[in-house]
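Q: Could you take me through this structure and explain, for each label, how it was earned? I would like the values set against the definitions.

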Amino acid sequence: MSESEPPGGDGPVLLFDGVCNLCNGVVQFIIPRDPEGRIRFAPLQSAAGKALLAGHGLPPSDLDSVVLVEDGEVYRKSAAVIRLAELLGWPYRAAAAARVVPQSVRDALYDVVAANRYDVFGRKDRCMLPDDDVSDRFLE
């Protein structure tokens, strides 16, 4: 990888708010449902997360949106959630039916959840540390 190339390599990378309990819960939900380990993770606050954001023209200070980077394509907010569900296969793939709802409506709902996630689900003092058995799936 060159210095100008963002980290990530092959396969989808989910960028998430590393101090958000809801976001960490989503990561913990995904891990056992992706036994091949295709999906990798990086907290938005990490060096790898910031580099991926910057490498795709997104502000590294934007911590209010989950971002999925896959094959050079960037999915944000509800589009990222739907694409993640597709990657997990059946029955989660059924969430793709939500695409019939206009993206502006889906993202408005996403924004409400994102704006209230700390109040409802709480937050950690620092980013989560992955267990040893899945640490290779987390970018630094």
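Q: What makes β1 and β3 count as a pair, and in which sense do they pair?
A: β1 and β3 pair in the antiparallel sense over 3 bridges. Two strands pair if DSSP finds at least two bridges between them, so the 3 bridges here satisfy the criterion. As one example, V13 has V69 of β3 as its bridge partner. This is a predicted model, in which local features need pLDDT of at least 70 and side-chain atom pairs count only at pLDDT 80 or more, while totals for chains, interfaces and linings use all residues. Residues are numbered from 1 along each chain as its sequence is written, and side-chain values use heavy atoms, with hydrogens and water left out.

Q: How many helices and strands does the protein chain have, and what makes a stretch count as one?
A: The protein chain has 4 helices and 4 strands, which follow one another from the N terminus as β-α-β-α-β-β-α-α. Both kinds are DSSP runs numbered from the N terminus, a helix being H or I over at least four residues and a strand being E over at least two.

Q: What makes β2 and β4 the edge strands of the sheet?
A: The open sheet has 4 strands in the order β2-β1-β3-β4, with mixed pairing. In that sheet β2 (40-43) and β4 (73-76) each pair on one side only, and they are its edge strands. From one strand to the next the twist averages 20°. β4 pairs with β3 (residues 67-70) in the antiparallel sense over 4 bridges, and within this pairing V67 has R76 as its partner in β4.

Q: Which helices pack on the sheet, and which strands do they touch?
A: Helix α2 (residues 47-55) touches β1 (13-16), β2 and β3, and its direction makes about 105° with that of β1. Helix α3 (residues 77-88) touches β1, β3 and β4, with its direction at about 110° to that of β4. Contact here means heavy atoms within 4.5 Å.

Q: How do you know whether the faces of β3 are covered or open?
A: V67 and V69 on one side and L68 and E70 on the other are all buried, which leaves both faces of β3 covered. Buried means under 20% relative accessible area, exposed over 50% and partly exposed in between, with a 1.4 Å probe and protein chains only. Over the 140 residues of the protein chain, 44% count as buried.

Q: Why is α1 described as parallel or perpendicular to α4?
A: The axes of helix α1 (residues 21-33) and helix α4 (residues 103-121) come within 8 Å and cross at roughly 95°. That crossing makes α1 roughly perpendicular to α4, since 65 to 115 degrees counts as roughly perpendicular, under 35 as roughly parallel, over 145 as roughly antiparallel and the rest as oblique. The axes are lines fitted to C-alpha atoms, for helices over the stretch in contact, and the angles run from 0 to 180 degrees between N-to-C directions. N21, L22 and C23 of α1 meet V113, R117 and F121 of α4 in this contact.

Q: Why is D71 called exposed or buried, and what is its phi?
A: D71 has 76% relative accessibility and therefore counts as exposed. D71 lies in the loop between β3 and β4, a hairpin with 2 residues between the strands. Although D71 is not a glycine, its phi is positive, at about 50°.

Q: Why does K77 count as buried or exposed?
A: At 18% relative accessibility, K77 counts as buried. K77 lies in helix α3 and, as a residue other than glycine, has a positive phi near 50°.

Q: What makes the peptide bond from W90 to P91 cis or trans?
A: Omega of the bond from W90 to P91 is near 5°, and the bond is cis. P91 belongs to the loop between α3 and α4.

Q: Where is D125, and why is D125 called exposed or buried?
A: D125 is in the segment after α4, and with 85% relative accessibility it counts as exposed. The C-alpha atoms of D125 and C20 are separated by 9.3 Å, although the two residues are 105 residues apart along the chain.
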